[in-house]
Amino acid sequence: MEAVADSTATPSTPVDVVLVGGGIMSATLGSIIRLVEPTWSIRIYERLDAVAQESSNAWNNAGTGHAALCELNYTPEKADGSIDITKAVAINEQFQTSREFWQHLVSADLLPEPEGFIASTPHMTFVRGAANVDYLRRRHAALVVHPLFSDLEFTDDPAVVGEWAPLLVAERSADEPIAATRSTSGTDVNFGALTRKLTDYLESTGAELHLQHEITSLRQRKDGTWRLKVADRTWNAAERRSTVDAKFVFIGAGGGALPLLQKAGIPEAKGYGGFPISGLFLRTTNPELVAQHQAKVYGKADVGSPPMSVPHLDTRVVDGETSLLFGPYAGFSTKFLKKGSLLDLFMSIRPSNIVTMLAVAKDNMDLTKYLISEVTKSRWNKFKTLRDFMPTADPKDWEFITAGQRVQVMKSHPEKHGVLEFGTELITAADGTIAGLLGASPGASTAVPAMVDLLERCFPQQFPAWHRELATMMPSLAPQEWSSEEAFAELEADDADFQKTA
């Protein structure tokens, strides 16, 4: 990097890029833009006193490098009994792109060594009952023939499951059919640490970070730029209110993105609503238990529960310390952010989305019942869910911690009037001057391809030149056939050093 961006800007001198929210999405987009346009001015606004304090925080998510190696919701069973792996392959491809980008930054000495934010952790799926065992066997057969899943192992032998993850089988009834799959190429990712490292990189190249600054409103001016009103939340602020003009605005504020997109007034955001879901995890740092479990083990979600509530027993590596995490236990709060307002849900209701929200409520009564049952469930009954995974679990070893707040996307539908989406949704204005990201899982794991998609949609004239440059950093962006053994071998070769340290 020889050029350093101009870090000065006034309302009459628009900033090239304003990033709203100091999470993994904003940090990723800013880093990509800095590489392809080194002279552009970039400003980040975060309402809290540090970056990565909401969904990107290490204890507000499971840290899974989502690659569809263990998540059953990405491999639905069709009516004819076959397993659809289309979404699983797409998610894996996207995660490979994210890893390639991180590897490029490390190789170019723009990020520190990867062991600070990514650790090699096997990904497992664990099921109980004859029907689920049969499904997992067929899922494995469908996936393992694809090069991206070629290392996926299957077993229905309790002894082998015990070798992979002893805590799953200790004192379990021998009469219960069980099965598991395992991929040793899985990862645990500290997205909070990664966000901080990316933000440090951006600041080192001239980007401005404004902590405890909240965007309260935004409107588009006649020249196409956006005027944002900024509230300084620091206790000793010399000036409480200010404005900034921007040529391009990205709203990557997690649950706070929807209200800001609504305030922007772009037609593309009409019809969208948000359904907030909170949660808890159980955590243990008992070294005897931690030593016996080195994997992220995903199970099968209860009927009517959202995909983000799939139970899983995970190895977590946060700031060099290893622990085990189980959950999440879904709950309900009207807040859109963990440190948000109880009025968030009500303030998001608009004439343009009320039909959508009512239609979703009508068609998802099973989800409503599930959330009510979760909220009213005693702590002991919650703990018994862990016992289904780990029969020897003892309450004295575990503590409840509050997880992050997720806002599931509700969007209009021509036939159903409204549907609930459990993935991520990228909203971009027709003129490409503003964009925002809504939704939850797989979220952070696919941040890089999501932001590349954003650049293609918002900067169609510049993108062809950028794409050629980006493809040198991320070979998977170049046209190729993933089912090709040669293409996969090339990916493995490019990723070898990164895999070694991670």
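The structure holds zero disulfides, a disulfide being a pair of cysteine sulfur atoms within 2.5 Å. In general terms, a disulfide is a covalent bond between the sulfur atoms of two cysteines. Among the cysteines, C70 is buried, with a relative accessible area of 0%, and C458 is buried as well, at 6%. Buried here means under 20% relative accessible area, exposed means over 50%, and partly exposed covers the values in between, with a 1.4 Å probe and protein chains only. The model is a predicted one, in which local features need pLDDT of at least 70 and side-chain atom pairs count only at pLDDT 80 or more, whereas totals for chains, interfaces and linings use all residues. Residues are numbered from 1 along each chain as its sequence is written, and side-chain values use heavy atoms, with hydrogens and water left out.

The strands offer a starting point for the fold. Helices (H or I, at least four residues) and strands (E, at least two) are DSSP runs, numbered from the N terminus. Strand β12 comprises residues 273-284, and 11 of its 12 residues are buried, so the strand is largely enclosed by the rest of the structure. Its pairings can be taken in turn; two strands pair if DSSP finds at least two bridges between them. Six bridges connect β12 with strand β15 (residues 321-331) in an antiparallel arrangement, and within this pairing L280 stands opposite Y329 of β15. With strand β17 (residues 406-413), β12 forms five bridges, again antiparallel; here G274 has V409 of β17 as its bridge partner. Strand β16 (residues 399-402) is also an antiparallel partner of β12, over four bridges, and R283 is matched with E399 of β16.

The pairing continues from β17 to strand β18 (residues 417-421), which is joined to β17 by five antiparallel bridges. The bridge partner of K411 in β18 is V419, and a hairpin of three residues connects β17 to β18.

Several backbone features lie in or beside the strands. As a general rule, most residues other than glycine have a negative phi, and most peptide bonds are trans. H417, in strand β18, has a positive phi of about 70 degrees although it is not a glycine; H417 is partly exposed, with a relative accessible area of 48%. Q212 likewise has a positive phi, near 55 degrees, without being a glycine. Q212 occupies the loop between β8 (208-211) and β9 (213-220) and is partly exposed at 28% relative accessibility. The peptide bond between G327 and P328 is cis, with omega about -5 degrees, and P328 belongs to strand β15.

The interior can next be described through its nonpolar cores. In soluble globular proteins, nonpolar side chains tend to be buried together. A nonpolar core is a set of buried Ala, Val, Leu, Ile, Met, Phe, Trp, Tyr and Cys residues joined through side-chain atoms within 4.5 Å. The largest such core has 70 residues, of which L29, W102, F248, F250, L454 and L455 touch the most other members. Apart from this core lies another, of 40 residues, including V244, L258, A269 and I277. Contact means heavy atoms within 4.5 Å. Leaving aside neighbours within four places in sequence, L455 contacts L29, I32, I33, P460, F463 and W466.

Two of these contacts, F463 and W466, lead to helix α13 (residues 463-473), whose buried residues are F463, W466, L470, A471 and M473. Viewed down the axis of α13, the buried residues fall within an arc of 145 degrees, so they line one face of the helix; the arc is that of the directions from the helix axis to the C-beta atoms. On the other side of α13, R468 and T472 are exposed. The cover over the buried residues of α13 includes α1 (24-36), α2 (86-107) and α12 (447-458).

Helix α1 is itself enclosed: 13 of its 13 residues are buried, so the rest of the structure largely surrounds this helix. At 1.5 Å a residue, the 13 residues of α1 should span 18 Å, and the end C-alpha atoms are 19 Å apart, which agrees; the expected span is 1.5 Å times one less than the number of residues.

Finally, Q262 is found in helix α6 (residues 257-264) and counts as buried at 14% relative accessibility. Apart from residues up to four places away in sequence, Q262 touches Y272, S348, R350 and N353.
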